[in-house]
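Grab a pencil and open the viewer. Here are a few exercises to help you find your way around, each with a worked solution.

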Amino acid sequence: METVGVCMNQEQRKAWNENHKRLTDMIAKPAEHQEAVELFLSQHAWLYAGGMDGDGHPTMEDELVQDIKEETLRRYPVEMPDTRNSIVWHLWHIARIEDMTMNVLIHGGDQLFHNWQAKMNVTAVHSGNEMREEEAAAFSATVDPDALFSYRLAVGRRTREIMRSLQPGQFKTKVDPARIRRLLEQGAVKDEARWLLDYWGGKTFAGLVLMPATRHPFVHLNRCLRIKEKYQK
């Protein structure tokens, strides 16, 4: 991985959290629709490689990949208070969740995953929730990290297209149960993780945008950075 310049600092992380609160307050208000979309795009860009929004500022992902070693990406299990999973697992998990919620539940289209599964060298088609230890170990050892980063980038770019296409008032839309059933039929969650579909089924589009597409990856990327800090001195 290439070395980049100064990355997202603590003040920028604090600003991200404050802006997420602003986004939460405005996203369901049709009169503030365009401002909410623009704020989302700014928040979302911080979670991907620099340049996603054309600004080029270093991001959380830039900080993660800076000088990272493949053994650090794949290390499983890790000994952390809030996770045993590898960095590649976390990246997989947030990409899968965003792909499912944005492309299927909000847009009504297809998961991008189906075009990337073979490239990533993975057999799992689900979100990673309730993955057994032997599955997580095998996944961490065999996934192609470069393809995984490319898949995640493709998901992020598609999310941004979808957000720009939404119209005032649509953030109040409830998730269509037929789209939930579609994910179930596709094996997008394990049987043990059907609670996740129930959770999504109770959300509006706003709720999905505020968690799977923004807060969720922010939390997991922070975990990835802590893993890197611990194991790569």
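What follows is a set of five short exercises on this model.

This is a predicted model: local features need pLDDT of at least 70, side-chain atom pairs count only at pLDDT 80 or more, and totals for chains, interfaces and linings use all residues. Residues are numbered from 1 along each chain as its sequence is written, and side-chain values use heavy atoms, leaving out hydrogens and water.

**Exercise 1.** Work out how the length of helix 2 fits with its number of residues, and find what covers its buried residues.

*Solution.* Helices here are DSSP runs (H or I, at least four residues), numbered from the N terminus. Start by counting: helix 2 runs over residues 33–45 and has 13 residues. The expected span is 1.5 Å times one less than the number of residues. From first C-alpha to last, helix 2 reaches 18 Å, close to the 18 Å expected. Next, look for buried residues (under 20% relative accessible area; exposed is over 50%, partly exposed is in between; 1.4 Å probe, protein chains only). In helix 2 these include His33, Val37, Phe40 and His44. Finally, look at the cover: it includes helix 1 (10–26), helix 5 (87–106), helix 8 (145–165) and helix 11 (205–231).

**Exercise 2.** Which residues of helix 7 are buried, and what do they pack against?

*Solution.* Go along residues 133–142 and you'll find Ala136, Phe139 and Ser140 buried. They sit on the same side of helix 7, because they cover an arc of only 95° around the axis (taken from the directions from the axis to the C-beta atoms). Why might that happen? An α-helix has 3.6 residues a turn, so residues three or four places apart point the same way. Now turn to the other side of helix 7, where Glu134 and Ala141 are exposed. The buried residues pack against helix 4 (70–74) and helix 5.

**Exercise 3.** Describe how helix 5 and helix 8 meet.

*Solution.* Fit lines to the C-alpha atoms over the stretch in contact, and take angles from 0 to 180 degrees between N-to-C directions. The two axes come within 9 Å and cross at roughly 30°. That makes helix 5 roughly parallel to helix 8 (angles under 35 degrees count as such). To see who touches whom, use contact, meaning heavy atoms within 4.5 Å. Among the residues making it are Leu91, Trp92 and Met102 of helix 5, and Phe149, Tyr151 and Val155 of helix 8.

**Exercise 4.** Hunt for backbone oddities in the loops.

*Solution.* Keep a rule of thumb handy: most residues other than glycine have a negative phi, and most peptide bonds are trans. First, look between helix 4 and helix 5, where Pro77 is found. A cis peptide bond joins Tyr76 to Pro77, with omega at about -5°. Then try the loop between helix 3 (60–65) and helix 4, home of Asp67. Asp67 isn't a glycine, yet its phi is positive, about 60°. At 41% relative accessibility, Asp67 counts as partly exposed. Last, Glu130 lies in the loop between helix 6 (117–120) and helix 7. Phi of Glu130 is also positive, near 65°, and at 42% relative accessibility Glu130 counts as partly exposed.

**Exercise 5.** Is Val122 buried or exposed, and which residues is it in contact with?

*Solution.* Find Val122 in the loop between helix 6 and helix 7. Its relative accessibility is 11%, so Val122 counts as buried. Leaving aside neighbours within four places in sequence, Val122 is in contact with Trp92, Phe113, Gln117, Phe139 and Val143.

Definitions and conventions. Helices (H or I, at least four residues) and strands (E, at least two) are DSSP runs, numbered from the N terminus. Angles under 35 degrees count as roughly parallel, over 145 as roughly antiparallel, 65 to 115 as roughly perpendicular and the rest as oblique.
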